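Visitor: I would like a close look at one part of this model, the place where a charged side-chain end meets an aromatic ring. Please take that contact as the starting point and then lead me on through the other side-chain contacts.

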Amino acid sequence: MFDGRKNRYGRTAARKHRALGRARKPSTTTIDIHCHIVVPAGAQVAGPHVDRTKLPLVHFASAASREINAAQEKDRARVMVDIDARLFDMEAMGIDIQLVAPAPGQCYYSIDAEIGARAHSAVNEGVAEFVARRPDRFMGLGVTTMQAPDLAVSELETAVTKLGLKGVQILTNVNGEELSDPKFRPFFARAEQLGAFIMLHPNGFTDGRRFSDYYFNNVIGNPLETTLALHQLIFGGTLARFPELKILAVHGGGYLPGYSGRIDHAWGARADSHADLPLPPSSYLRQVYFDTVVFTEHQLAYLIDVFGADHILMGTDYPFDMAEYDPIGHVAALDLDERTFAAVCGGNAALALGLRP
């Protein structure tokens, strides 16, 4: 299966495949809402100050996983920075436009805020330069210094109003602090005012002592991180306070969308779970966008059925080995009507990003 390699990049083993999605591409623009690049200039600023051994995906990882991850960094290095190589893969997948976000590791929350700000500035400028080389094929998301919330607000403004980025990527926690903490409210308030698109992305589970083997801190930990972050944003009142906030919860929103009835039950059964929410918690979950990176047809169909096709955006998580390499085929397998099919493959993303139809 691996031809001497220890990982692979290609069609998922989670489902049977029909014709490749490229052959079933809609006539409208297709958009990959979830993919990544690396900005070397940002890494040069932050790298000497980052203790990688303390990062969850490194700290809670077996020797086997660390070996494969190190190899992946090398063999995906080119497509992380090279537009021509990336365009070749986009053509193979039938993708017209990518919304590129920095790799999650380029959210430098663990270092001094002043150094982090310089690194994040370099990252944002690098994303803008990447997009400017082929603005017909790329849009971008930046990063912000969330460990200094006031600074994060001004960085968000710069990214959107001066650099032309569509929004920013934030991690599911800030050095263990929950995004629902009141000190982050000004950031979310400004994001709502700007109409900025916020990608909520995990980078390993923060307390993954039982997740070291079998790459579980990504396989289980990443969706669990998103699940926990969404719970906090709902019960902490952030989503209720900012109903027009545009948040994408990647990897299909983690596990919460598949078991949202439990939070509604707890809200109705217990005072300590009721919080100050006037509506059932799942009402606020329906404000969130989810991507299609769930690998199986039945789970994607469930997201569309429960949360509405208009809140489902096609994504890949390219170029990692945990990515979806036939995203259009994944959506096409559901036999949606043509209008819904086109919307999930790109139309919904265009509306969320403020593009002209």
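Guide: In this predicted model, the charged end of arginine 76 lies over the ring of tyrosine 9, at 4.0 Å from the ring centre.

From that charge over a ring we can turn to charges that meet other charges, for the structure holds 13 salt bridges. In one of them, glutamate 67 and lysine 6 bring their side chains together with an N to O distance of 2.9 Å. This pair links distant parts of the chain, since glutamate 67 belongs to helix H3, which covers residues 63-75, while lysine 6 lies in the segment before strand S1 (31-37), and 61 residues separate the two. Glutamate 67 has a relative accessibility of 44% and so counts as partly exposed, whereas lysine 6, at 52%, counts as exposed.

Another salt bridge joins the side chains of arginine 137 and glutamate 91, with 3.1 Å from N to O. Here too the pair links distant parts of the chain: arginine 137 sits in the loop between helix H6 (113-133) and strand S3 (138-142), and glutamate 91 sits in helix H5 (residues 83-93), 46 residues apart. Arginine 137 counts as buried because its relative accessibility is 12%, which falls under the 20% limit, while its partner glutamate 91, at 40%, counts as partly exposed. A further salt bridge is formed by arginine 134 and aspartate 136, whose closest N and O atoms are 2.9 Å apart. Arginine 134 is partly exposed at 29% relative accessibility, and aspartate 136 is likewise partly exposed, with a relative accessible area of 43%.

Contacts between rings form the next group, and a search of the whole structure finds seven aromatic pairs. One of them consists of phenylalanine 130 and phenylalanine 138, in an edge-to-face arrangement with 5.0 Å from centre to centre and 70° between the planes; both phenylalanine 130 and phenylalanine 138 are buried. Another pair, tyrosine 214 with phenylalanine 216, is tilted, with 5.4 Å from centre to centre and 50° between the planes. Tyrosine 214 has a relative accessible area of 67% and is therefore exposed, while phenylalanine 216, with 29%, is partly exposed.

The nonpolar interior can be read against a general tendency. In soluble globular proteins, nonpolar side chains tend to be buried together. In this model the largest nonpolar core has 80 residues, of which Met146, Ile170, Phe187 and Phe188 touch the most other members, and helix H6 gives the most to this core, with seven residues. If neighbours within four places in sequence are left aside, methionine 146 is in contact with Tyr109, Ala152, Ile170, Val174, Leu179, Phe184 and Phe187. There is also a second, separate core of 17 residues, and Met139, Val250, Tyr289 and Ala350 are included in it.

The cysteines call for a separate remark. A disulfide is a covalent bond between the sulfur atoms of two cysteines. A search of the whole structure finds zero disulfides. Cysteine 35 is in no disulfide, and its nearest cysteine sulfur, which belongs to cysteine 107, is 15 Å away; since a disulfide would need the two sulfur atoms within 2.5 Å, that separation does not qualify. With 0% relative accessibility, cysteine 35 counts as buried. Cysteine 345 is in no disulfide either, the nearest cysteine sulfur being that of cysteine 35, 15 Å away, and cysteine 345 also counts as buried, at 0% relative accessibility.

One further residue takes us to another helix, for tyrosine 302 is found in helix H15, which comprises residues 297-307. Tyrosine 302 counts as partly exposed because its relative accessibility is 34%, and, when residues up to four places away in sequence are not counted, tyrosine 302 touches Pro257 and Gly258. As for its position relative to lysine 74, the two residues are 228 residues apart along the chain, and their C-alpha atoms are separated by 36 Å.

Definitions and conventions
Residues are numbered from 1 along each chain as its sequence is written. Side-chain values use heavy atoms; hydrogens and water are left out. Buried means under 20% relative accessible area, exposed over 50%, partly exposed in between (1.4 Å probe, protein chains only). Rings of Phe, Tyr and Trp (its six-membered ring) pair if their centres lie within 6.5 Å; planes under 30 degrees apart count as stacked, over 60 as edge-to-face and the rest as tilted. A charge sits over a ring if NZ of Lys or CZ of Arg is within 6 Å of the ring centre and within 35 degrees of the ring normal. A salt bridge is a side-chain nitrogen of Lys or Arg within 4 Å of a carboxyl oxygen of Asp or Glu. Helices (H or I, at least four residues) and strands (E, at least two) are DSSP runs, numbered from the N terminus. A nonpolar core is a set of buried Ala, Val, Leu, Ile, Met, Phe, Trp, Tyr and Cys residues joined through side-chain atoms within 4.5 Å. Contact means heavy atoms within 4.5 Å.
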